[in-house]
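This report introduces a structure to a reader who has not met it before. The sequence and the model are shown first, and the description follows.

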Amino acid sequence: MQRAAALVRRGCCPRTLGPWGRSQSSAAAEASAVLKVRPERSRRERILTLESMNPQVKAVEYAVRGPIVLKAGEIELELQRGIKKPFTEVIRANIGDAHAMGQQPITFLRQVMALCTYPNLLDSPSFPEDAKKRARRILQACGGNSLGSYSASQGVNCIREDVAAYITRRDGGVPADPDNIYLTTGASDGISTILKILVSGGGKSRTGVMIPIPQYPLYSAVISELDAIQVNYYLDEDNCWALNVNELRRAVRQAKEHCNPKVLCIINPGNPTGLCFTSLGVYQDNVYSPDCKFHSFKKVLYEMGPEYSSNVELASFHSTSKGYMGECGYRGGYMEVINLHPEIKGQLVKLLSVRLCPPVSGQAAMDIVVNPPVPGEESFEQFSREKESVLGNLAKKAKLTEDLFNQVPGIHCNPLQGAMYAFPRIFIPTKAMEAAQAHKMAPDMFYCMKLLEETGICVVPGSGFGQREGTYHFRMTILPPVEKLKTVLQKVKDFHIKFLEKYA
Ligand SMILES: Cc1ncc(COP(=O)(O)O)c(C=O)c1O
């Protein structure tokens, strides 16, 4: 497309002589005359407008990169231009992007990635043997021994085998089959692919997708895009955001009146809530509370016996983006499916093959996550040190955040048992709600905008994740380094107190 546009441009506006030997200026003069004579041709109505575009795409919202983040970008530009603000930098606590917040990559992962990317380094004495071993194995499984070739649509075979072995270890021996593993472009791609396959029907038989509220907005965005029916089930804020089975039953019962609820999405540990119930998701390494342990849904199904383990159709997802590695940019991920009909698995591969394959570099990164150094290997000690340091720090920051927020009048924060976010509840006075209405903003959006404008701290309003009516929250990552996080929390505290005074 770009190339074609460049050729057209070169054809009509040559640097010296035009296509018919006239000078550039005479060609340009003629072009502008044409514009004057035939204005209706140059200004014909656009085919693609907000009215004519796909309404499902227009309905998509993604708060994590929404208006507040655009405003943060504008403020950053203003700061760069020397415009004075009550702060000197914007702190982006809106998104779970660990490296962007200064977290250092895990050395072993990057060593293997470097070797895979530039195999000449395999001769270098600077790299440990265990990293070289991993890299050789990955490269041998790639077309032409290069990370630059397409892989099978389902992903590189030996990486799927490593994922299956990892899941089997994680679930205490419950077997995983490489044939059930699909490597994906981050977890997002897997989630949207599986939802795509699930949605069908019209009217009352249209697929209903049950999602937790609050939720990670990828789910609501994909539901909008697919024109499926969003079925909310509310997590219990008064009980550390627990999932209540009666609430699930209520949601299914009511949904059945207008759709066909056939998909249940569970995010565990929870984003944005930090809730950790005993089950599965991209934050499976991010569990901080000593009373909590990660159990996968698949393992639980096996413990419940064959009636469940042989029947429940389950898809679960993992990613290189979170955990201790935080490698969001590689876009690595996997999906494991169980009990899917073989014909549906065929359809899944067909759908994935339309996009050829997930990035092979992301697949390699996923391999290192599921196949890290083991005791006795050269890199084991350094790897363990780095991993524990990241997770230990996150645990410390989870507690620090909870404690500090709970000292502020008008803020309540549940314990952050896992993931990497706080989702505190905030009290917004009536006068502030009126001011928000005057600005045509939701009250929590107004609060977060003011927080951004006065402190430079960028967080996401709770309305972007869903919340019970009449309650207000914001989501903030706990990713800034400890000292910076302390400053951030202190600034939020000072801002909140001033906000309450101003709108009292
Ligand atoms: C619950 C949940 N699922 C999926 C994702 C997307 O992860 P990825 O970067 O692997 O696409 C995120 C990212 O924040 C998330 O919190």
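## Strand S3 and its partners

Which residue of S4 is the bridge partner of Val209? In this predicted model, the partner of Val209 in S4 is Gln230. The pair belongs to a parallel arrangement in which S3 and strand S4 (residues 229-234) are joined over 6 bridges. S3 also pairs with strand S5 (residues 260-264), again in the parallel sense, through 4 bridges. Within that second pairing, Thr207 is placed opposite Asn260 of S5.

Strand S3 spans residues 207-213, and 6 of its 7 residues are buried, so the rest of the structure largely encloses this strand. After S3 the chain enters a loop that leads to helix H10 (218-225), and Pro214 lies in this loop. The peptide bond from Ile213 to Pro214 is cis, its omega being near 0 degrees.

## Overall composition and confidence

The chain contains 19 helices and 13 strands. Of its 504 residues, 40% are buried. Among contacts between residues at least 6 apart in sequence, 65% link residues that are at least 24 apart.

The mean pLDDT of the chain is 87, and 88% of the residues reach 70 or more. Confidence is lowest in helix H1 (residues 2-12), with a mean of 35, and highest in helix H6 (residues 107-117), with a mean of 98. Residues 1-35 have pLDDT below 50, and this stretch makes 14 contacts in the model beyond near neighbours in sequence. Where pLDDT is low, the predicted coordinates should not be read in detail.

## Packing of helices H6 and H15

Helix H6 packs against helix H15 (residues 360-370) at an angle of about 140 degrees, and the two axes are 10 Å apart. The crossing of H6 and H15 is right-handed. On the H6 side the contact is formed by Phe108, Leu109, Val112, Met113 and Cys116, while H15 contributes Ser361, Ala364, Ala365 and Ile368. Classified by residue type, this contact comprises 8 nonpolar residues and 1 polar residue, with no charged residues.

## A sheet of three strands

An open sheet of 3 strands follows the order S9-S13-S12, and its pairing is antiparallel. Strand S9 (421-422) and strand S12 (460-461) occupy the edges, each with a single partner strand, so one side of each has no neighbour in the sheet.

The pairing of S12 with strand S13 (residues 474-477) is antiparallel and rests on 2 bridges. In this pairing, Val460 stands opposite Arg475 of S13.

## Two asparagines with positive phi

Two loop residues are described here for their backbone angles. Asn145 has a phi near 55 degrees, a positive value in a residue other than glycine. Asn145 is located in the loop between helix H7 (129-140) and helix H8 (157-170). Is Asn145 buried, exposed or partly exposed? It has 13 C-beta neighbours inside 10 Å and therefore counts as partly exposed.

Asn339 likewise has a positive phi, near 65 degrees, in a residue other than glycine. The loop that holds Asn339 runs between strand S7 (332-338) and helix H14 (342-354). Because Asn339 has 14 C-beta neighbours inside 10 Å, it is also classed as partly exposed.

Definitions and conventions
Residues numbered from 1 in each chain as written. Predicted model: local features only at pLDDT ≥ 70, side-chain atom pairs only at ≥ 80, totals over all residues. pLDDT = per-residue confidence, 0-100. Contact = placed C-beta atoms within 7 Å. Axes fitted to C-alpha atoms, helices over the stretch in contact; angles between N-to-C directions. Left-handed = near helix turned anticlockwise from the far one by under 90°. Nonpolar A, V, L, I, M, F, W, Y, C, P; charged D, E, K, R; others polar. Buried ≥ 20, exposed ≤ 12 C-beta atoms within 10 Å, placed from the backbone. Pairing = 2+ DSSP bridges.
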